[in-house]
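Welcome! Here are a few exercises to work through with a structure beside you. Try each task before you read its solution.

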Amino acid sequence: RAVPPPLFGTQHIMVKGGRGGGSKKKAQSKSAKAGLTFPVARIGRALRTMRLAKRYGAGGPVYLTAVIEYMAAEVLELAGNAARDNKKSRIIPRHITLAVRNDEELNKFLGGVTVAQGGVLPNIHSVLLPKKSKKDA
């Protein structure tokens, strides 16, 4: 038995409207669009669940993500330098504390922050140091 030919032939029928046309783009994340490493969608979702405002724009999570990523990169760079100064290849909480407390702006920004297992900056008050006698000088 012969199979009847298809009603519309083998060509694709073009329909008006829609977006763009036949060329489908690969899905791109908000982070990739913004050129960021940190997750924009996750931070946007966190903003929504915190209910800080009834509504927020599309650029808010992107801006916040960029700021958080910059701050993390800044702290990690300084902590990496502190680790290298101590001849270590891994960053430990002590290196983060040294990095933050030795940087004036980060120390002001993270003034009320305590890093677990971070310790304190080595500091001996000048009054507590032994007095130099005239014979030593």
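A polar contact is a pair of N or O atoms within 3.5 Å. Keep that cut-off at hand, and remember that the model is predicted.

**Exercise 1.** Find out which polar atom of the backbone of Thr37 lies 2.8 Å from the side chain of Glu69.

*Solution.* Start by locating Glu69: look in helix H3, which covers residues 59-85. Next, go to Thr37 and pick out its backbone nitrogen, which lies 2.8 Å from a polar side-chain atom of Glu69. Finally, look around this pair. Setting aside neighbours within four places in sequence, Glu69 is in contact with Leu36, Thr37 and Phe38.

**Exercise 2.** Decide whether Glu69 is buried or exposed, and find the nearest side chain of opposite charge.

*Solution.* First, the surroundings: Glu69 is buried. Second, the charge partner: the nearest side chain of opposite charge is that of Arg42, 12 Å away. Third, compare with the cut-off: a salt bridge needs a side-chain nitrogen of Lys or Arg within 4 Å of a carboxyl oxygen of Asp or Glu. Glu69 has no salt bridge.

**Exercise 3.** Describe the chain by its helices and strands.

*Solution.* Count the elements: the protein chain has 5 helices and 0 strands. Read from the N terminus, the order is α-α-α-α-α. Then turn to burial: 15% of the 137 residues count as buried.

**Exercise 4.** List the buried residues of helix H4 and say which helices they pack against.

*Solution.* Go along H4, residues 93-102, and mark the buried ones: His95, Thr97, Leu98, Ala99 and Val100. Now see what faces them: the buried residues of H4 pack against H3 and against helix H5, residues 104-109.

**Exercise 5.** Explain why Gly35 and Ile124 count as exposed.

*Solution.* Recall the cut-off: exposed means over 50% relative accessible area. Begin with Gly35, in the loop between helix H1 (30-34) and helix H2 (40-50). Gly35 counts as exposed because its relative accessibility is 61%. For a sense of place, the C-alpha atoms of Gly35 and Val62 are 9.8 Å from each other, although 27 residues separate the two along the chain.

Move on to Ile124, in the segment after H5. Ile124 has a relative accessible area of 60%, so this residue is exposed too. Together with Val127, Leu128 and Leu129, Ile124 forms a nonpolar surface patch with about 460 Å² of accessible area.

How values were computed. Residues are numbered from 1 along each chain as its sequence is written. This is a predicted model: local features need pLDDT of at least 70, side-chain atom pairs count only at pLDDT 80 or more; totals for chains, interfaces and linings use all residues. Side-chain values use heavy atoms; hydrogens and water are left out. Helices (H or I, at least four residues) and strands (E, at least two) are DSSP runs, numbered from the N terminus. Buried means under 20% relative accessible area, exposed over 50%, partly exposed in between (1.4 Å probe, protein chains only). Lys and Arg count as positive and Asp and Glu as negative; His and the chain ends are not counted. A polar contact is a pair of N or O atoms within 3.5 Å; within protein, one must be able to donate a hydrogen and the other to accept it, and residues adjacent in sequence count only if both atoms are side-chain atoms. Contact means heavy atoms within 4.5 Å. Patches are made of residues with over 30% relative accessible area and no salt bridge: like charges are joined within 9 Å, nonpolar side chains (Val, Leu, Ile, Met, Phe, Trp, Tyr) within 5 Å. Accessible areas come from the Shrake-Rupley method with a 1.4 Å probe; for residues, only the protein chains shown count as cover.
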